[in-house]
Amino acid sequence: MTDNSQNNPGPVNPNEAIAQAEESAKNTSSRNLPDFNDLPIPEDTANLRLGPNLHDGLLALLPLIGVWRGQGQAAQPGEEEFTFGQQVVFAHDGENRIRYESRSWRMDDDGQPLDTPDRRESGWLRIGEDDNIEMTVAHSDGIVEILYGKPLTERAWQLESASTMVTETGPADLGPGKRLYGLMPNNDLGWVDERLVNGEMTPWMSAQLQRVVG
């Protein structure tokens with residue numbers, strides 16, 4: 001009999017999610033995104049202790065809220081594997097949506113960051129009452145996609161591409177994919193993105209990031 005436990009996880013425990021977020025934020029809870037304080041609406045916040053309250057509908061994604069930095073490995077089609085640095089932001093404004101932003105930069109052979117920006121991503125996450133996650137992402141290299149998924153546990157989330165569009169100058173040989181985010185035992189955020197390349201699912205990018213805000 002097939003084990004569908006990962007495809008049909010039980011309900012997320014909000015108390016457990018909050019407790020895990022509190023534990024992982026002991027050293028970063030006093031920092032937040034810069035803002036201008038002159039808009040008539042709430043500013044985005046990546047710190048659950050500052051700004052508007054997180055929308056109740058987003059509790060299953062609560063541990064992601066913050067700013068994360070670290071480095072990872074990438075092997076884009078037609079290129080050799082390389083090391084990159086990355087900052088990821090998950091922020092909210094009190095509504096039932098999370099703003100997502102990723103910025104990355106190449107690292108040299110000695111592990112030192114280069115000052116030339118690499119690829120970027122921006123988008124939004126939403127979640128329904130049944131914990132179905134929707135993610136829209138625009139990539140700086142000419143990809144726009146919609147992903148759907150569910151929490152696997154209180155600390156892990158998996159999303160799969162439902163629609164992927166590539167511009168004329170984008171990576172034509174890069175197909176739809178599957179993305180997994182998860183908090184590691186040391187509370188770092190790990191993620192991996194697999195893509196359909198030449199008919200096979202292939203690891204494309206992965207990283208391990210430390211919380212710096214939230």
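This report describes the largest pocket of a predicted model and two residues with positive phi.

## Largest pocket

The largest pocket of the predicted model has a volume of about 220 Å³. Its lining is made up of 13 residues, and those closest to the centre of the pocket are Ile18, Glu22, Leu48, Arg49 and Leu62.

By residue class, the lining of the largest pocket comprises eight nonpolar, two polar and three charged residues. Helix α1, which spans residues 14-24, gives the most to this lining, contributing three residues.

## Aspartate 131

Aspartate 131 is not a glycine, yet it has a positive phi of about 65°. This residue is located in the loop that lies between β4 (113-127) and β5 (133-139).

Is aspartate 131 buried or exposed? The relative accessible area of aspartate 131 is 19%; because buried means under 20% relative accessible area, aspartate 131 is classed as buried.

## Asparagine 187

A positive phi is also found at asparagine 187, with a value of about 75°, although this residue is not a glycine. Asparagine 187 has its place in the loop between β8 (177-183) and β9 (189-197).

With a relative accessible area of 15%, asparagine 187 is buried, since the cut-off for that class is under 20%.

## Summary of the two loop residues

Aspartate 131, in the loop between β4 and β5, is buried and has a positive phi. Asparagine 187, in the loop between β8 and β9, is likewise buried and has a positive phi.

Terms used. Residues are numbered from 1 along each chain as its sequence is written. This is a predicted model: local features need pLDDT of at least 70, side-chain atom pairs count only at pLDDT 80 or more; totals for chains, interfaces and linings use all residues. Side-chain values use heavy atoms; hydrogens and water are left out. On a 1 Å grid over the protein atoms alone, a cavity is a set of points where a 1.4 Å probe fits but cannot get out, and a pocket is an open set with protein on both sides within 12 Å along at least five of seven lines; lining residues have an atom within 4 Å of a point. Grid points are joined across faces, edges and corners, and a volume is the space filled by probe spheres set on the points. Helices (H or I, at least four residues) and strands (E, at least two) are DSSP runs, numbered from the N terminus. Ala, Val, Leu, Ile, Met, Phe, Trp, Tyr, Cys and Pro count as nonpolar, Asp, Glu, Lys and Arg as charged, and the others, Gly among them, as polar. Buried means under 20% relative accessible area, exposed over 50%, partly exposed in between (1.4 Å probe, protein chains only).
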